[in-house]
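This report describes aromatic contacts, a surface patch and the cysteines of one protein chain. Please look at the sequence and the structure before reading on.

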Amino acid sequence: MAAVGFCGDWFVSTCDKTLVAVHTKQSREPFVFDCSVAEKKPKNTTDDNNSDEGVSEETGSDKVLAFTVSPSGKLVALTDDTKRLVLFHCEPSWQCISIRWVVRRCTALVFSHAEDELLVADKSGDVYSFSVVAPQREGELKMGHLSMLLAMTMSPNDKYIMTADRDEKIRVSHLRCPYNIQSFCLGHQQFVSALLVPSTHSHCLLSGSGDGTVKLWEYESGRRLQSWDLTELEETPSSEAEREQKKPTVCRISSSPDGCHIAVLCERVSTVQFFTLELVGTERLTPHSRLCLPHCPLDMTFDPEGRLWVLMDSHDAPLQIYSHRRGYWEVTCDTVHVHTECSCNLCYCCYDYK
């Protein structure tokens, strides 16, 4: 899994078995964490079911499955397919705080806004809570689902946890008593793959799916406010039959720090669709523009200044940075150089800026 994010002014990327962090403002030594040489699981430690659907945990290849950054940008967590859960802090310097072990391979991670706990969703549909304050404490089972979880997020006040599964549902539960379900957000026709609570509209939820749509919800009531079919926003109109055949899967929904721009990325689609979210009587999600990319994107993230960093499937130019100027998104920096020591282009990175 190749993924990118920002932890303060640190640009963080993961690929294969490695997490790399590069400071974008100062000339500081990059931080590299290689899961393949990390602490191994003690022999006397057992899982709840002692297996992963019949496959021993020793068969893991140490590949990073997911990572997340805390709201303050001071903490980072990752999980790999050997079932490590690794917690870091990045200031004043990068340090691995703890390595713990999850029961099953994980699909999503999220910090609480209070940053006192880390929630971990796994492929069986369970959510575990791991303490940040007591970083050696084992995880506690928080809630369960009937199918695999693909995305997870939280409300800014830590009151609700939103979970999305492979069976088209979004569940809104009370974090402190998860058996108390507040609502369901129903309407997607395929698995739900991306969730985002916009920073400037904290009572709203954005979701993306394998059905090629982005939906806007008032999550506390489960009411759907709006839905956009991304195939209908293409510059070259398609017939209804063609749209049904090529429904894109939304893989990332991201918001700029000021909340002015919502960016939507789909698998194997070389464009980024931008929306604006405005309050006009009620919240309205409005298509704004489309950014055509030179290569197929793998992931994207906004930096603290509102620039969009796009990771692409290219050996020559795997990373480009875009800024919003005069109503358009333009390449900010043509002098991004990535020096690599493996085929994924991300094991060692250094960047030059104009």
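In this predicted model, one aromatic cluster is formed by W10, F31, F33, F88 and W94. By the ring-pair rule, the count of aromatic pairs comes to 12.

Two of these pairs are described here, beginning with F6 and W309. Their rings lie 5.0 Å apart, centre to centre, with 75° between the planes, and the pair is edge-to-face. F6 belongs to strand β1 (residues 3-7) and W309 to strand β26 (residues 308-312), so the contact links distant parts of the chain, 303 residues apart. Both F6 and W309 are buried.

The second pair joins two members of the cluster, F33 and F88. How are the rings of F33 and F88 arranged, stacked or edge-to-face? Their centres are 5.1 Å apart and their planes stand at 80°; planes over 60 degrees apart count as edge-to-face, so this pair is edge-to-face. Distant parts of the chain are again linked: F33 is in strand β4 (residues 31-34) and F88 in strand β7 (residues 84-89), 55 residues apart.

The table sets out the two pairs.

| Pair | Centre to centre | Angle between planes | Arrangement |
|---|---|---|---|
| F6 and W309 | 5.0 Å | 75° | edge-to-face |
| F33 and F88 | 5.1 Å | 80° | edge-to-face |

Are F33 and F88 buried or exposed? F33 has a relative accessible area of 11%, and because buried means under 20%, F33 is buried. F88 has a relative accessibility of 0% and therefore counts as buried as well.

The next topic is the surface. I181, F184 and L186 form a nonpolar patch there, and together they have about 260 Å² of accessible area. L186 sits in the loop between β16 (181-185) and β17 (192-196). Its relative accessible area is 52%; exposed means over 50%, so L186 is exposed.

The last topic is the cysteines. How many disulfides does the structure hold? It holds 0 disulfides. C90 is in no disulfide, and the nearest cysteine sulfur, that of C7, is 3.0 Å away. A disulfide needs two cysteine sulfur atoms within 2.5 Å, which is why C90 and C7 are not counted as one. C90 is buried, with a relative accessible area of 1%. C204 is another buried cysteine, and its relative accessible area is 0%.

Terms used:
Residues numbered from 1 in each chain as written. Predicted model: local features only at pLDDT ≥ 70, side-chain atom pairs only at ≥ 80, totals over all residues. Heavy atoms only, no water. Phe/Tyr/Trp six-rings, centres within 6.5 Å; stacked < 30°, edge-to-face > 60°. Helix = DSSP H or I, 4+ residues; strand = E, 2+ residues; numbered from the N terminus. Buried < 20%, exposed > 50% of the residue type's maximum accessible area, 1.4 Å probe, protein only. Patch = residues over 30% accessible without salt bridge, like charges linked within 9 Å, V, L, I, M, F, W, Y side chains within 5 Å. Areas by Shrake-Rupley, 256 points an atom, 1.4 Å probe, with all protein chains shown as cover. Salt bridge = Lys/Arg side-chain N within 4 Å of Asp/Glu carboxyl O.
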